[in-house]
Structure formats: C-alpha cells, structure tokens
Amino acid sequence: MFLFSTLKAWIFGATNEPKDLAKYAPDQPCRFLLDDSTSATLTLPDGRKLGYAQYGSPTGKAVLYNHGFPGSRIEASQHHSLCIILGLRLIAIDRPGYGKSSPHPGAKLLDWPKDLEHLAERLELNSYAVMGVSGGGPSALACAYAMPPQKLKCVSMVCAVGPPDIGMRGADIPHQIGWPYGIPRIPYWFGRWFWRTQAIGRLDLPEEQRVKLLIEEGKKAPESDRDIYEDVDFLRLVIRGTAQAFAQGYDYVWDDGVVSCSNFGFKVEDIRKDLPVQLWYGKKDYFVPMNHGVQIAARLGGKAQLRLEDEAHAGILMHWKREIFEAIAKSM
C-alpha cells in the first residue's frame, strides 16, 4: 500500500513519537505466516532470481499476486486461510529488487509479465488469474495486456493505481505530489530519508517498536480504517512484509516507483476485450482515489466490473476480501 502518511504529518507538524501504546511482545503467536516456510526462488534465463511465496490451497486455482508499494511476497500471507477455504493457490511474487528477487536495472513495465511467464512454466500452471493491490496495479495491468490469453483467465485490481496520465485528483497533497510527478524526479537520497521517517522503514528499530509506531500512525487514519490499525497481528505482518521490501536497500523500491510512474508502453484500451477485469475501489481512499477505477473501467469500454465502496485505502481490501477472492474464483 502507499504509505505517505508520515510525510503528511511532517508537513503539518504532527509528531511521530508513540504514546498510549498497546502491549505487544514479538514472541506472541501470530495468526498469519510470518516466516519463509512457503518461499522459494526461480533462476530466470538471464541469471536473475525471482522470489515468491505460496499461500492457500497447493492444488487450487492459481492467482498471481502483485504486492503493493512498498510490499513483498509476505504481504499475501494475510489471505492464506481464506484461499484454502475458496480453493485458491495464491502465488505472491517479489518485484525486482524486493525481498528475494534480484534487481533488474533498466527494466520496463512490460518486462514483468515475461518474468511471471517463466514462473508459471516452472510451476506448471495451465491457467491463472492476476491480482494487483495498490502499487501493484501497473504490474497487474501489464500482465493483463501481455500474458497469454489462453492461460490468463481474469484480473483483479484492488485499490490499485493505474496509468500515470490518470493523475491523482481526489488524493491528499503528498500523494498528488509524489505520484506520478515526484518519484521519477526526486533523487535517491530523498527516498532513503523518506522511508526512514516512517514506521515501516525504521529498520534501525526492533520489530516491536515499529509495530508500536504503526499503532500510533493508525490514530490519524480514516475512521473506516481504524479497526485495521488495532489488529496487532496484521501490523506485525505489515512490518515483516515491508522489512522484506527493503531487504536489499531503499533504492530498489524507489526504482519500482519510477517504473510504475513512467509510460507503460501500452494502453489500457488495448487489453483484450474478452478478459474479465474486476475493479475494487474506495470512495474515501485518498491514497489511490476512486477515479483510477473509474478511468480504467472507461478505458476498458465499460466491460469491467467496477465496485465503489464506502471505504478508505486499507478497508477496501480488508473489509471486502471474501467478496474479492470469491469473484476471482468464480471467474476461473
């Protein structure tokens, strides 16, 4: 997910110090898988490594999960139990420079579907769906455009950013500045500084302290998202997943943002017309405004299934996850 909330707080003078914190101990059991027990790597033809993790049913219908910005394969662990129930095999892949995936200098957005095709071949997938969450939207759209039509059965976009020319009308000021204009122009040193101002990027702190900082940040979240920041297990997952995002440093995450903010190399209008596309967006989302869903639907000729719910950025996925995954399952 996009997490520019600290920059907003810095601009308007809010504090980033924790107070009135919930009790938390890092050795407490967590209902989510936080380890590498389902992770693996694939060696691509050019020698790069592609990291991925698998959740849900190992024999279920395959869903290729494109994580947020920043994020990692571990992010998808939150859907493990639900995907078992629905008979889905959720395969979450680290984009270049994240987690276990090698950097890919000079890569374009359309290089990503090629990597996923190699993974699908390795895993012997005859068919699959693609899911893109938040900053994983551009990657998912690239898959919709370029992956083999006989194998790709549907695409689900959840609070997912679209092409940069849509703009960020309806977003808060930091996101209007940062995406798509700021990230491609801002130097790496600013990116390193920026991530270190946020709980997820404070790799100098123990996990326990970063969770507590997230709890504090949640007090400034939209009302509809407050319950999410009260879920300590989920916050532990966020911290573990974003630690993987920065495992190779902050700069590769910034590179991923630059790729997503650049010309896609294709038009949404050119995505095949018979592909089921599901769009889930929040009316209260000021990170990725609902206009992205509206515009993507329009560019697809009105054939996409667009859902606009009374939710903010985190809530559209967390509160509607069963409906989202059920829709994917029905499309396969």
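**Sheet, packed helices and salt bridges**

Lys284 is partly exposed, with 41% relative accessible area. I start there, and the rest of the talk comes back to that residue. Keep in mind that this is a predicted model.

What does Lys284 pair with? Its partner in a salt bridge is Asp310, and the closest N and O atoms are 3.7 Å apart. Lys284 sits in the loop between S7 and H11, while Asp310 sits in the loop between S8 and helix H12 (315-318), so the salt bridge ties together parts that are 26 residues apart in sequence.

That brings us to the sheet. The sheet is open and has 8 strands, in the order S1-S2-S4-S3-S5-S6-S7-S8, and the pairing is mixed. Two strands pair on one side only, and these are the edge strands: S1, residues 39-43, and S8, residues 305-309. On average, neighbouring strands are turned by 20° against each other, with direction ignored.

In general, the strands of a sheet pair through backbone hydrogen bonds, parallel or antiparallel. For strand S7, residues 277-282, and S8, the sense is parallel, over 5 bridges. Within this part of the model, Gln278 is opposite Gln305 of S8.

Now the helices. Helix H11, residues 291-299, packs on the sheet and touches S7, S8 and strand S6 (152-158). The direction of H11 makes about 155° with that of S7. Helix H13, residues 321-330, runs at about 170° to S7. H13 lies across five strands by name: S3 (61-66), S4 (88-93), S5 (128-133), S6 and S7.

Back to the charged side chains. How many salt bridges does the model have? The count comes to 20. I will show two further pairs.

One is Glu309 with Arg307, whose side chains meet at 2.9 Å, N to O. Are these two residues buried or partly exposed? Glu309 has a relative accessible area of 13%, so it is buried. Arg307 is at 33% relative accessibility and therefore counts as partly exposed. There is also a network: salt bridges with shared partners join Asp36, Arg73, Asp94 and Lys100.

The other pair is Arg48 and Asp46, a salt bridge with its closest N and O atoms 2.8 Å apart. Arg48 has a relative accessible area of 10%, so this residue is buried.

To close where I began: Lys284 is partly exposed, and its salt bridge to Asp310 links the loop after S7 with the loop after S8.

Conventions:
Residues are numbered from 1 along each chain as its sequence is written. This is a predicted model: local features need pLDDT of at least 70, side-chain atom pairs count only at pLDDT 80 or more; totals for chains, interfaces and linings use all residues. Side-chain values use heavy atoms; hydrogens and water are left out. Two strands pair if DSSP finds at least two bridges between them. Helices (H or I, at least four residues) and strands (E, at least two) are DSSP runs, numbered from the N terminus. Axes are lines fitted to C-alpha atoms, for helices over the stretch in contact, and angles run from 0 to 180 degrees between N-to-C directions. Contact means heavy atoms within 4.5 Å. A salt bridge is a side-chain nitrogen of Lys or Arg within 4 Å of a carboxyl oxygen of Asp or Glu. Buried means under 20% relative accessible area, exposed over 50%, partly exposed in between (1.4 Å probe, protein chains only).
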